[in-house]
Amino acid sequence: MTELTRRGILANAAALSAIALGPLTVHSAAHAAALPANKQAPGYYRYNIGSFEVTAVTDGVRIWPLDNFVRNAAKDEVIAALSAAYLENDKVALPYTPIVINTGRQLVVVDTGAGPAFYEQTKGGLGQFHTNLVAAGIDRNVVDSVIISHFHLDHINGLLTADNKPAFPNAEIAVPAAEWKFWSDDGNMSRAPAGSPVEFNFKNMRRVFGALGNKVRQYEPNKEVVPGISSVATYGHTPGHTSHLITSGSVNVMVQADVTLLPALFVRNPGWHVFLDMDGPMAEQTRRKTYDMAIAEKLLIQGYHHPFPALAHVEKDGAGYQMVPAMWHPTM
Ligand SMILES: [Zn+2]
């Protein structure tokens with residue numbers, strides 16, 4: 001049997017293309033001149049949870065600098081973890097995926113992406129949620145409920161359009177009560193360091209929810225938010241950070257929001273704290289509890305910052321965990 005090597009393949013390919021360049025193939029060579037599309041296709045993907053239909057809709061990817069992305073790991077360790085996952089290791093490329101759930105009774109959105117201003121700023125790299133909803137055939141005007149996990153901008157800024165109007169004008173906006181209590185407290189805001197990202201979040205939250213008027217309803221942890229979708233307190237990333245358990249038939253999916261960000265870093269190393277974790281130790285405890293529970297109960301995980309379409313099984317792996325992506329289905 002011939003030994004398979006890259007060098008051998010390339011030598012063979014060169015010999016074949018030398019033959020193909022002969023006079024008889026002039027016609028077929030002319031057909032190779034199509035221009036590259038140079039543009040990504042809209043990103044959305046559908047799957048069923050029992051009788052519910054879920055559409056995962058990408059908001060895009062944001063590039064973060066490596067420095068201090070992980071608060072309690074050395075830069076070399078972070079580079080090694082990215083390399084081990086075959087990722088570019090000079091930056092963190094972080095995906096964002098809100099979802100839409102059609103429960104048969106209601107059309108529900110969970111988190112809303114970074115919003116139209118980011119779309120402009122990143123030349124379409126992030127903030128794609130609204131345009132990808134159109135591509136998926138989903139009309140923002142007919143959404144009944146928007147459930148928010150926490151008040152970081154990449155989850156709430158898509159609540160508004162580019163001209164600061166409600167992007168889901170006929171929807172009730174459901175927010176975690178603990179998150180509302182923390183961020184709407186002027187005393188808490190006054191203690192945030194001037195010019196810090198945390199201070200920005202206090203101001204941004206007032207800007208976004210101020211434009212939504214009385215459409216906002218607070219929900220408590222561990223309660224049904226809409227029929228079939230329950231809140232799960234997963235505090236730590238922010239004071240009221242909340243995940244959601246979708247249940248229909250015998251299938252359960254944990255929509256975990258930011259329990260972990262990029263799996264190659266934080267699922268593999270649950271002890272690592274992203275700089276955005278407001279209470280690192282609590283976020284870590286939440287991470288471990290959430291995944292131990294998901295493993296015991298065989299829950300699928302839908303992760304906001306996991307690789308699109310961001311649906312996976314979780315399993316224990318050494319001192320950490322790993323995600324096993326759910327199978328892609330060509331039909332519903
Ligand atoms: Zn996030």
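This is a short exchange about a zinc site, a helix and a sheet in a predicted model.

Modeller: Residues are numbered from 1 along each chain as its sequence is written. Local features need pLDDT of at least 70, side-chain atom pairs count only at pLDDT 80 or more, totals for chains, interfaces and linings use all residues, and side-chain values use heavy atoms, with hydrogens and water left out.

Colleague: What makes a residue a donor of the zinc ion?

Modeller: Donors are N, O and S atoms within 2.8 Å of the metal (3.2 Å for Na, K and Ca). Asp-154 (OD), His-155 (NE2), Asp-258 (OD) and His-305 (NE2) coordinate the zinc ion at 2.1 to 2.2 Å. Water is not among the atoms, so sites may look incomplete.

Colleague: Why is the arrangement around the zinc ion called irregular?

Modeller: Tetrahedral needs all angles between 85 and 135 degrees; square planar needs opposite donors over 155 degrees apart and all others between 65 and 115. The four donor atoms subtend 85 to 170°, so the arrangement is irregular.

Colleague: Why is Asp-154 called buried?

Modeller: Buried means under 20% relative accessible area (1.4 Å probe, protein chains only). Asp-154 has 11%, so Asp-154 counts as buried. His-155, at 0%, counts as buried too.

Colleague: How do you know that the span of helix α9 agrees with what is expected?

Modeller: The expected span is 1.5 Å times one less than the number of residues. For the 14 residues of α9 (197–210) that gives 20 Å; the end C-alpha atoms are 19 Å apart, so the span agrees.

Colleague: What makes β10 and β16 edge strands?

Modeller: Two strands pair if DSSP finds at least two bridges between them. The open sheet runs β10-β11-β12-β13-β14-β15-β16, with mixed pairing. β10 (224–226) and β16 (320–325) each have a single partner strand, so one side of each lacks a neighbour in the sheet.

Definitions and conventions
Four donors count as tetrahedral if all angles lie between 85 and 135 degrees; four count as square planar and six as octahedral if opposite donors are over 155 degrees apart and all others between 65 and 115; anything else is irregular. Buried means under 20% relative accessible area, exposed over 50%, partly exposed in between (1.4 Å probe, protein chains only). Helices (H or I, at least four residues) and strands (E, at least two) are DSSP runs, numbered from the N terminus.
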